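Thanks for making the time this morning. I would like to take you through one model with a ligand in it, starting with confidence and then turning to the surroundings of the ligand.

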Amino acid sequence: MQAAGQRLTMRTTASRGAKAGRLASGSSRTARSAVVAKGTDRDIQIIPSVLPADWANMGQCVADLEAAGVDRIQFDVMDGNFVPNLTFGPEMIAACRKYCKTPFETQLMVSQYASETMLKDYVDATKGPNGEPGVVIVHVEACDHLQRCLKQIRELGGSPSVALNPHTPAEMVKNVLCDVDHVLVMTVNPGFGGQAYIPTMLDKIRELRAAIVAGGYDVDIEVDGGIKADWTISQCCDAGANCFIAGSGMFAYPTLKEGCDALRAIAKDAQAGKVLPPP
Ligand code: DX5
């Protein structure tokens, strides 16, 4: 298995190759590097958070999200310690696996002790139906030994990702971009759904996208918190994000499919240069 942030992997080379084919000439090289620099060569991924779901029927909920066409499903693990809220553990995530094939991701908003002692349980619970790597997100603020933790997620068969709270500078994760498949920029302070989006995170997204491109790493940028099918997802996409977590912003629609499609359409427009301005 290739190490994550190694220079261009198969997964993106193919999609980039297709785009590159259309951009053979000198000027198109510039156009191409502009595309890469903004991350608009990366697939848009719509990822619901299950916080707003009916927890008494979580299995049916993940099946409904799969039917709505989402790209991944996020489980917010909160331990009442790292964040002032309590949700569920690996058993709940594992119990949902038999209800759908859609990839899972687990965001560990837990203390260092929990993220280190229970890491294998979370990696195993997040895996795909045939053991494919699931995305396991640890917070840089909760890990004194972050690089080791990310390496362990990879060795345990997971896809490592690191999250930054709003106050945490991008600098804190630049040395581990080679160890992750994703970086998660929180656009709210973690712990609750339905909070207002913090618009001052855009520069951090731009800085991370620039560092990823400068290093030639194959890393997605996720944003999470207050993301809606409006200027919030549009601005984040324009800044370089390509994966979008939405809780209330998807569950607010009459159907999950309408929510998913609305988020995806605005993100795709932003990738094509049609960016919605803030109010
Ligand atoms: C907050 C969680 C988010 C939250 C998003 O700590 O990490 O995933 O559920 O919910 P909305 O989209 O409603 O802000």
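What follows is a short walk through the confidence of the model and then the site of the ligand.

Let me say at the outset that this is a predicted model, and that the protein chain has an average pLDDT of 91, with 87% of the residues scoring at least 70. Residues 1-24 need a separate word, since the pLDDT is below 50 over this stretch, although in the model the stretch still has 44 contacts beyond near neighbours in sequence.

Now to the ligand, and to the question of where it sits: the ligand is placed in the largest cavity. Which elements give two or more residues to the shell around the ligand? They are β2, spanning 73-78, β3, spanning 104-109, and β8, spanning 243-246, and of the shell it is β2 that supplies the largest share, with three residues.

At the level of residues, 20 surround the ligand, and those that come nearest are Gly 191, Asp 224, Gly 226, Gly 247 and Ser 248. Turning to the polar contacts, an N or O atom in the side chain of Asp 224 lies 2.8 Å from an oxygen atom of the ligand, while for Gly 247 it is a backbone N or O atom that lies 2.8 Å from a ligand oxygen. Gly 194 also takes part through its backbone, where a polar atom is 2.9 Å from an oxygen atom of the ligand. As for cover, the ligand on its own has 380 Å² of accessible area, and the protein covers 100% of that area.

Methods:
Residues are numbered from 1 along each chain as its sequence is written. This is a predicted model: local features need pLDDT of at least 70, side-chain atom pairs count only at pLDDT 80 or more; totals for chains, interfaces and linings use all residues. Side-chain values use heavy atoms; hydrogens and water are left out. pLDDT is the predictor's confidence in each residue, from 0 to 100. Contact means heavy atoms within 4.5 Å. A residue is near a molecule or strand if one of its heavy atoms lies within 4 Å of it. A polar contact is a pair of N or O atoms within 3.5 Å; within protein, one must be able to donate a hydrogen and the other to accept it, and residues adjacent in sequence count only if both atoms are side-chain atoms. Accessible areas come from the Shrake-Rupley method with a 1.4 Å probe; for residues, only the protein chains shown count as cover. On a 1 Å grid over the protein atoms alone, a cavity is a set of points where a 1.4 Å probe fits but cannot get out, and a pocket is an open set with protein on both sides within 12 Å along at least five of seven lines; lining residues have an atom within 4 Å of a point. A molecule sits in a cavity or pocket if more than half of its atoms lie within 2 Å of its grid points. Helices (H or I, at least four residues) and strands (E, at least two) are DSSP runs, numbered from the N terminus.
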